[in-house]
Amino acid sequence: MICKTLIDQGWNECSNQFKKYSRCFYKRFDTPTPCYRNHDKTGIQVEISVFESSGSCELELGGELSDGTWMRLHNHGLPRDIDAVLALIPRLLATWEAANA
């Protein structure tokens, strides 16, 4: 059910060689600051990993700051309610922007 909801909301599923234990979904969000490495793309990408065995999720945002520092924000131990998980994304994006200030 979670995976169907994500697909219906425009998330793209793609395998992640480091997370073979989950289904991974990606979506770009508009932010003032893109990943320095991906300066040709707008916004920043967020990943949701869905663990089918338990129905739980993790959120992850990774990007490179303009000074070359690589930053990874990882939010795990989330509720099983996908709407509650999606509601956490603005906080993740705000943290990304604060790190770029």
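Asparagine 75 first. Leave aside its neighbours within four places in sequence, and asparagine 75 is in contact with Glu58, Leu59, Leu88 and Arg91. This is a predicted model, so please hear every value as computed from it. Asparagine 75 lies in strand β5. Is asparagine 75 buried or exposed? Its relative accessibility is 15%. The cut-off for buried is under 20%, so asparagine 75 counts as buried.

Stay in β5 and look at leucine 73, which lies in that strand too. Leucine 73 has a relative accessibility of 15% and therefore counts as buried. What does leucine 73 touch, apart from neighbours within four places in sequence? The contacts are Leu59, Glu60, Leu61, Leu92, Thr95 and Trp96. Take the last of those, tryptophan 96. Leucine 73 and tryptophan 96 are 23 residues apart along the chain. Their C-alpha atoms are separated by 8.1 Å.

Now the helix. Helix α3 covers residues 89-99. Which strands does α3 lie across? The strands are β2, β3, β4 and β5. Against β4, the helix runs at about 20°.

On to the sheet itself. There are 5 strands, and they form an open sheet. The order is β1-β2-β3-β4-β5, with antiparallel pairing. Which strands sit at the edges? They are β1 and β5, the latter being residues 70-75, and each pairs on one side only.

Let me walk across it, pair by pair. Strand β1 is residues 12-13, and strand β2 is residues 23-29. These two pair in the antiparallel sense over 2 bridges. Here asparagine 12 stands opposite tyrosine 26 in β2.

Next, β2 with β3. Strand β3 is residues 44-51. How many bridges link β2 and β3? There are 7, again antiparallel. On this pair, find lysine 27, which stands opposite valine 46 in β3.

At the other end, strand β4 takes in residues 56-64. It is joined to β5 by 6 bridges, and the two run antiparallel. One bridge to find on screen: glycine 63 has methionine 71 in β5 as its partner.

Now a loop residue. Threonine 33 sits in the loop between β2 and β3. Why do I call threonine 33 partly exposed? Because its relative accessible area is 22%, and partly exposed runs between 20% and 50%. Not counting residues up to four places away in sequence, threonine 33 touches Gly43, Trp96, Glu97 and Asn100. So tryptophan 96 comes up again: it is on the contact list of leucine 73 and on that of threonine 33. Look also at isoleucine 44, which is 11 residues from threonine 33 in sequence. From C-alpha to C-alpha, that pair is 7.6 Å apart.

Last item, the largest pocket. Its volume is about 290 Å³. The lining has 16 residues. Which of them are closest to the pocket centre? Gln45, Leu61, Gly62, Trp70 and Arg72. Leu61 is a name you have heard, as a contact of leucine 73.

Where does the lining come from? Strands β2, β3, β4 and β5 each supply at least two residues. β3 gives the most, with 4 residues. By character, the lining divides into 6 nonpolar, 4 polar and 6 charged residues.

To recap. We have an open sheet of 5 strands with antiparallel pairing. Helix α3 lies across β2, β3, β4 and β5. Those four strands also contribute to the lining of the largest pocket.

Notes. Residues numbered from 1 in each chain as written. Predicted model: local features only at pLDDT ≥ 70, side-chain atom pairs only at ≥ 80, totals over all residues. Heavy atoms only, no water. Pairing = 2+ DSSP bridges. Contact = heavy atoms within 4.5 Å. Axes fitted to C-alpha atoms, helices over the stretch in contact; angles between N-to-C directions. 1 Å grid on protein atoms, 1.4 Å probe; cavity = no way out; pocket = protein on both sides within 12 Å on 5 of 7 lines; lining within 4 Å. Points joined across faces, edges and corners; volume = space filled by probe spheres on them. Nonpolar A, V, L, I, M, F, W, Y, C, P; charged D, E, K, R; others polar. Buried < 20%, exposed > 50% of the residue type's maximum accessible area, 1.4 Å probe, protein only.
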